[in-house]
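Reader: I work at the bench and would like to learn how to read a structure like this one. Could you walk me through some features, starting with pockets?

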Amino acid sequence: MRAGRCEQTAGRARRASGAIALVVALLAAPPGSARPHQSTLQPFGPAAGDIALLWWVMLIGAVAIFIGVMALVLAGLRQRSAPSTLGSRVFIVGGGLVFPGVVLTALLVYTVAVGARLTAPAPRDALHIEITGYMWWWEVRYRGLAGSTDDGATVVSANEVRIPVGRPVHLSLRSADVIHSFWVPNLAGKMDMIPGRTNRLVIQADAPGTYRGQCAEFCGTQHAQMALHVVAEAPDAWDAWFGSRRRALVAASGGGDALLTPTQQRGRAVFITAGCGACHGLAGVAAPPRGIAPDLTHVGSRPSLGAGLLANTPGNLAAWIADAQQLKPGSKMPPFHGLRGDELTALTAYLGTLQ
């Protein structure tokens, strides 16, 4: 019995020490870490830096006030048992009113200043991106400069946002159904996405990397499986990527079957005959009404499927097409049990070419 209790105690101690070590590692992770944690306390942009510093300042202020209050409690207990020569009125007024008042006022002024910086308008040269939240995925549309409404060869993506390092990005945030909340903690704070309203957020990444985001407002069954990734890369690399996407759209409008293998050509035919184009947009092939399902023009280059649910591999893609409801119940993607194995293989091969 005693040995069993000792083992249980040791197990609890190991779990507690492991949890403490994890918390310390998360808080102390350097800002330049190659694989950033999804954490407000690991900022990689100006807005996130302001929020992280505000958190530390308010923590320090709260601790200072707590220490002051505990000092007053101890002084009161001591004076009750053994009256001292301490000027109690001065001590209570100074420590109980003046000190917290000064600290809270300073925190208020600092918080208002930080809030003003976070809500400042985007610079004129900011990149403009529209993000629309759906149950349960994200549509991403690149508009060019902030305020631009040019739809010519607009690059459309899903669940992935690519931005250039060091450049402000003006996000127009909307919802097509219920309230969502856009949150990439390493880059900026939360911003609600409310049906019928456009909210705006300015983000900027100061270092290359992939930063995970998440819907931060409960929006239904698959709320927890509504993630996105912000990929920040060097300005030259981003310009090359964006230019290639625009050229691909122009080329797709003219066909492009000549570069496909026979299997991939068959997969393109399956895409059309199976009715995939009724929901999914695909440049040069299908243009359904906006917002039914993610655009697949560049699906082969995306890192994940199902808004961060699965890695984008041929096997996972085939499983998703065959029966997405087994993987993400409640999503609008219907099962395709009628596809034969060779048709599913061909369709998966074709979708993999959509870079």
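Author: Gladly! Keep in mind that this is a predicted model. The largest pocket has a volume of about 580 Å³.

Reader: Which residues are the closest to the centre of the largest pocket?

Author: The lining counts 31 residues, and those closest to the centre are His280, Ala293, Pro294, Trp320 and Met333. Two or more lining residues come from each of strand S11 (304-305), helix H6 (314-322) and helix H8 (341-352). Helix H6 gives the largest share, three residues.

Reader: How many residues of each class does the lining of the largest pocket have?

Author: There are 22 nonpolar residues, along with six polar and three charged ones.

Reader: Now for the inside of the protein. What is the general idea behind a nonpolar core?

Author: In soluble globular proteins, nonpolar side chains tend to be buried together. Here, the largest nonpolar core has 35 residues, and Ile129, Ile163 and Phe182 have the most contacts inside it. The elements that give two or more residues to this core include strand S1 (127-134), strand S4 (160-164), strand S10 (227-233) and helix H4 (235-252). The largest share, four residues, comes from H4.

Reader: What is Ile163 in contact with, leaving aside its neighbours within four places in sequence?

Author: Its partners include Ile129, Val169, Leu187, Ile203, Val230 and Trp238, and Glu233 is also on the list. Apart from this core lies another one, of 23 residues, with Ala286, Phe336, Leu344 and Leu354 among them.

Reader: Next, cysteines. How many disulfides does the structure hold?

Author: A disulfide is a covalent bond between the sulfur atoms of two cysteines. This structure holds zero disulfides. For Cys219, the nearest cysteine sulfur is that of Cys215, 3.8 Å away, while the cut-off for a disulfide is within 2.5 Å.

Reader: Why is Cys279 not bonded to Cys276?

Author: Because the sulfur of Cys279 is 8.7 Å from that of Cys276, its closest cysteine sulfur, the two are too far apart for a bond.

Reader: And is Cys219 buried or exposed?

Author: Cys219 has 5% relative accessibility, so it counts as buried. Cys279, at 32%, counts as partly exposed.

Reader: One last case, a loop residue. Where is Ser39?

Author: Ser39 sits in the loop between helix H1 (2-28) and helix H2 (46-81). A loop residue can be read the same way: Ser39 has 14% relative accessibility and therefore counts as buried. Not counting residues up to four places away in sequence, Ser39 touches Pro185 and Asn186.

Note on methods: Residues numbered from 1 in each chain as written. Predicted model: local features only at pLDDT ≥ 70, side-chain atom pairs only at ≥ 80, totals over all residues. Heavy atoms only, no water. Buried < 20%, exposed > 50% of the residue type's maximum accessible area, 1.4 Å probe, protein only. Core = buried A, V, L, I, M, F, W, Y, C linked by side-chain atoms within 4.5 Å. Contact = heavy atoms within 4.5 Å. 1 Å grid on protein atoms, 1.4 Å probe; cavity = no way out; pocket = protein on both sides within 12 Å on 5 of 7 lines; lining within 4 Å. Points joined across faces, edges and corners; volume = space filled by probe spheres on them. Nonpolar A, V, L, I, M, F, W, Y, C, P; charged D, E, K, R; others polar.
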